[in-house]
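Notebook open, model loaded. I wanted to go through the charged pairs, then the burial.

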Amino acid sequence: MSDDEQRGGGAGSVYRVDGLLGDLQAADERPVAPRRRADAERNRAQILAAAERLFAEQDPRTVTMDRIAKAAGVGRATLYRSFPDPPSVAVALLDEHERRLQGQLIHGPPPLGPGAPAGERLAAFYLAMLDLLERHLPLALGAETGAARFRTGAYGFWRVHVQTLLVDHGVEDPDPLIDIALSPLSPELFRFQRHELGLSVERVGGSLAAFARQLLRSGGEG
């Protein structure tokens, strides 16, 4: 009994797979998935490269799917198969940079990684995030504008990290403080401070580090 018969193929099934018919079926079936995967990966790379240029060259809020598709040299349907909207493209670009920082928070040396007092770790986290925003602000603005910021996976990770620091420090009710502690890292606020007020990263970072140490004073009250 053939494989098709064992699978219960109906009257319309083709049971004979030897000879020319079998060769044509095999030739048609084997390369399709790898070729499609290669095409999809190439299209994704083109899309991300083009989008990163657009986010850097103009206000991220004005980047549209049409502009991304044209800059990438792909059709709208191809673009929408990979990404539903411009923020999702920005999220994909920003994700790699954020994952590096996440790895440092979990496995890196103190004070950014484990082993330092909570206040020092929060200060180091602020400084690392400011550095990320300084280098990738257009992507952060494109990915995390407004309320969308609170729904990103990265923001969820930052919340867990800050919550852990608050709990480790002995804060009795840490939940209301989590988002307050993260609010200075809003991309919109960073852009306002850097590009409208003209504050330097060092000045903002110094103030945030002092705030972190005051909020979680080493050996102090929770």
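I started with R76, which is partly exposed, its relative accessibility coming out at 43%. This is a predicted model, so I kept in mind that side-chain atom pairs count only at pLDDT 80 or more.

What does R76 pair with? It forms a salt bridge with D66, and the closest N and O atoms sit 2.3 Å apart. I looked up where the two ends lie: R76 is in helix α5 (residues 76–82) and D66 is in helix α4 (residues 65–72), so the bridge ties together parts that are 10 residues apart in sequence. D66 has 35% relative accessibility, so I wrote it down as partly exposed too.

Next I checked how many salt bridges the structure holds, and the count is eight. I followed up two others.

Second entry: E120 and R213. Their closest N and O atoms are 2.9 Å apart, and the pair is a salt bridge. E120 belongs to helix α7 (residues 118–143) and R213 to helix α11 (residues 201–215), so this pair ties together parts that are 93 residues apart in sequence. Buried or exposed, I asked of E120? Neither quite: E120 counts as partly exposed at 27% relative accessibility. R213 comes out at 38% and is likewise noted as partly exposed.

Third entry: D179 and R159. This salt bridge has its closest N and O atoms 3.0 Å apart. D179 sits in helix α9 (residues 175–182), R159 in helix α8 (residues 153–169), so the pair ties together parts that are 20 residues apart in sequence. I have D179 as partly exposed, with a relative accessible area of 29%. For R159 the relative accessible area is 28%, and I marked that residue partly exposed as well.

Since D179 had brought me to α9, I stayed there. Which residues of α9 are buried? I found I178, A181 and L182. Looking down the axis of α9, I saw that its buried residues fall within an arc of 90°, so they line one face of the helix. The general rule I jotted beside this: an α-helix has 3.6 residues a turn, so residues three or four places apart point the same way. Then I asked what covers the buried residues of α9. The cover includes α7, α8 and α11.

One more residue caught my eye, Q102, which is found in helix α6 (residues 86–107). I checked its burial: the relative accessibility is 14%, under the 20% cut-off, so Q102 counts as buried. What does Q102 touch, leaving out residues up to four places away in sequence? My list reads A154, F157 and W158.

Last, I stepped back to the whole protein chain. I counted 11 helices and zero strands. Reading along the sequence, I just wrote α again and again: α-α-α-α-α-α-α-α-α-α-α. The chain has 222 residues, and 38% of them count as buried.

For contacts, I took those with a separation of 6 or more; residues 24 or more positions apart account for 63% of them. The surface came last: the protein chain exposes about 12700 Å², with carbon and sulfur atoms supplying 53% of that area.

Definitions and conventions:
Residues are numbered from 1 along each chain as its sequence is written. This is a predicted model: local features need pLDDT of at least 70, side-chain atom pairs count only at pLDDT 80 or more; totals for chains, interfaces and linings use all residues. Side-chain values use heavy atoms; hydrogens and water are left out. A salt bridge is a side-chain nitrogen of Lys or Arg within 4 Å of a carboxyl oxygen of Asp or Glu. Helices (H or I, at least four residues) and strands (E, at least two) are DSSP runs, numbered from the N terminus. Buried means under 20% relative accessible area, exposed over 50%, partly exposed in between (1.4 Å probe, protein chains only). Contact means heavy atoms within 4.5 Å. Accessible areas come from the Shrake-Rupley method with a 1.4 Å probe; for residues, only the protein chains shown count as cover. The arc is that of the directions from the helix axis to the C-beta atoms.
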